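Here's a quick walk through one protein model, with a look at its charged pairs, its pockets and a few of its strands. Have the structure open while you read.

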Amino acid sequence: MTHNEVETLARELLSAYETGEMVAIPPSARPGFDLNTAYEVEATLKRFREAAGHRSVGRKVGYANKAMWRVLKLETLVWAHMYDDTVHYSDRNSTTLTIAHPRSLKIEPEIVFGLKQPIITEGAEGVDAATALASVDWLAVGFEIIDCPFPEWQFQPSDFVASFGLHAALVIGERMQVRPDGIAALVDELPRFKVRISCSSRSCSASSKNGEVVEEGSGRNSLRSPALCLAELSAAIARRFPTQPLSAGEIVSSGTLTAGHPTDRGDLWTVEVEGLSLPPLTLRLT
């Protein structure tokens with residue numbers, strides 16, 4: 001695609017993002033569009049959003065599952081930026097959130113990291129979990145809300161990248177400081193901890209009785225450990241954009257720990273964590 005075609009596509013996707021319109025033909029079905037082009041579109045969207053006064057605050061991960069890489073012919077995970085008007089901090093681990101233009105929302109529990117310094121990757125090679133965690137200021141459990149502009153949730157990784165990573169919102173729970181003397185324990189805990197998500201409302205009672213557990217997940221579902229996912233993201237960014245590494249102050253949402261579950265206004269979700277010192281987080285959608 002030419003530069004003008006990239007900008008035109010970015011404006012189309014931005015309009016859909018801002019209005020809740022559907023995009024009938026995914027970018028991956030259009031001539032000349034591939035993953036490289038998708039990151040050009042994503043960078044253009046970032047430029048448009050920043051010009052409109054919205055600051056990029058971090059990045060979200062997609063396809064943090066190596067089995068999917070083989071199926072989709074990916075070499076690594078993918079990512080997109082998040083912004084100051086979509087990332088929210090809970091008040092005493094409880095948040096009420098309104099999504100302005102919902103289509104068909106899904107909710108995912110994730111581990112969120114806040115960086116205190118760049119993650120140094122030598123020669124764009126990956127680092128281990130401990131090295132990645134040494135650059136982390138805090139971690140928390142969060143709920144990511146995703147929304148798909150493409151019919152029937154049918155999309156390719158390149159569509160994900162070019163469409164804000166399907167990101168609608170991120171809600172972050174109580175933050176746990178990562179101290180140097182606690183990193184070894186976290187390296188052990190992050191692959192093994194478990195989460196349980198439950199929902200109370202009529203719309204989610206089809207998958208469970210009101211208030212009962214909808215699904216259980218674990219840290220292994222995020223590339224075997226959220227810390228390893230963070231390390232892989234850092235290395236992948238360094239390979240593709242060596243002048244734009246993860247930097248101090250960035251927030252990273254490190255991939256879902258369960259399947260994404262449909263959600264709607266009126267739903268009350270709770271995620272409980274076992275094996276990490278993180279309290280439950282509750283989110284009500286209005």
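Which residue forms a salt bridge with Lys60, and how far apart are the closest N and O atoms? The partner is Glu144, and the gap between those closest atoms is 3.2 Å. Keep in mind that this is a predicted model, so side-chain atom pairs count only at pLDDT 80 or more.

**Salt bridges**

The Glu144–Lys60 pair does some long-range stitching: Glu144 sits in strand β6 (residues 136–146) and Lys60 in strand β1, so parts that are 84 residues apart in sequence get tied together. Is the pair buried or exposed? Both Glu144 and Lys60 are buried.

The whole model has 10 salt bridges. Three of them are set out here, with the closest N-to-O distance for each.

| Salt bridge | N to O distance |
|---|---|
| Glu144 – Lys60 | 3.2 Å |
| Arg103 – Asp147 | 3.6 Å |
| Asp188 – Arg192 | 2.7 Å |

Take Arg103 and Asp147, whose side chains meet in a salt bridge. This pair links distant parts of the chain, 44 residues apart: Arg103 belongs to the loop between β4 (94–97) and β5, and Asp147 to the loop between β6 and α5 (157–162). Do the two ends get equal cover? Arg103 has a relative accessible area of 24%, so it counts as partly exposed. Asp147 comes in at 7%, so it counts as buried.

As for Asp188, the residue that bridges to Arg192, its relative accessible area is 40%, so it goes down as partly exposed.

**The two largest pockets**

If you're thinking about where a probe could sit, start with the largest pocket, which holds about 620 Å³ of space. It is lined by 24 residues, and those closest to its centre are Tyr63, Glu108, Thr256, Thr258 and Gly260. Which elements each supply at least two residues of this lining? They are β1 (56–62), α3 (66–72), β5 (106–115) and β11 (251–256). By residue type, the lining splits into 12 nonpolar, eight polar and four charged.

Next comes the second largest pocket, with a volume of about 430 Å³. Its lining also has 24 residues, and here the closest to the centre are Tyr17, Thr86, Ile99, His167 and Ala168. At least two lining residues come from each of α1 (3–19) and β7 (167–172). Which of the elements gives the most to this lining? That's α1, with four residues. The type split for the second largest pocket is 12 nonpolar, seven polar and five charged.

**Strands and their pairing**

Back to β1, the strand that holds Lys60. It runs antiparallel to β2, and six bridges join the two. One example to pick out in the viewer is Val61, whose bridge partner in β2 is Trp79. Strand β2 (residues 78–83) is mostly covered, with six of its six residues buried.

What about β4? Its side chains alternate: Thr95 and Leu97 point to one face and are buried, whereas Ser94 and Thr96 point to the other face and are not. β4 pairs with strand β14 (residues 281–285) in the parallel sense, over four bridges. Leu97 shows up here too, with Leu285 as its bridge partner in β14.

**Two residues up close**

Thr37 has its place in helix α2 (residues 35–51). Its relative accessible area is 6%, so Thr37 is buried. Which residues is Thr37 in contact with, once you leave aside its neighbours within four places in sequence? The answer is Met1, Val6 and Gly32.

Gly217 is found in strand β10 (residues 213–218). With 9% relative accessibility, Gly217 counts as buried too. Setting aside neighbours within four places in sequence, Gly217 is in contact with Phe193, Lys194, Val195, Leu257 and Thr258. One of those contacts, Thr258, has already turned up among the residues closest to the centre of the largest pocket. For a sense of distance, Gly217 and Leu186 are 31 residues apart in sequence, and their C-alpha atoms are 18 Å apart in space.

How values were computed. Residues numbered from 1 in each chain as written. Predicted model: local features only at pLDDT ≥ 70, side-chain atom pairs only at ≥ 80, totals over all residues. Heavy atoms only, no water. 1 Å grid on protein atoms, 1.4 Å probe; cavity = no way out; pocket = protein on both sides within 12 Å on 5 of 7 lines; lining within 4 Å. Points joined across faces, edges and corners; volume = space filled by probe spheres on them. Nonpolar A, V, L, I, M, F, W, Y, C, P; charged D, E, K, R; others polar. Salt bridge = Lys/Arg side-chain N within 4 Å of Asp/Glu carboxyl O. Buried < 20%, exposed > 50% of the residue type's maximum accessible area, 1.4 Å probe, protein only. Pairing = 2+ DSSP bridges. Contact = heavy atoms within 4.5 Å.
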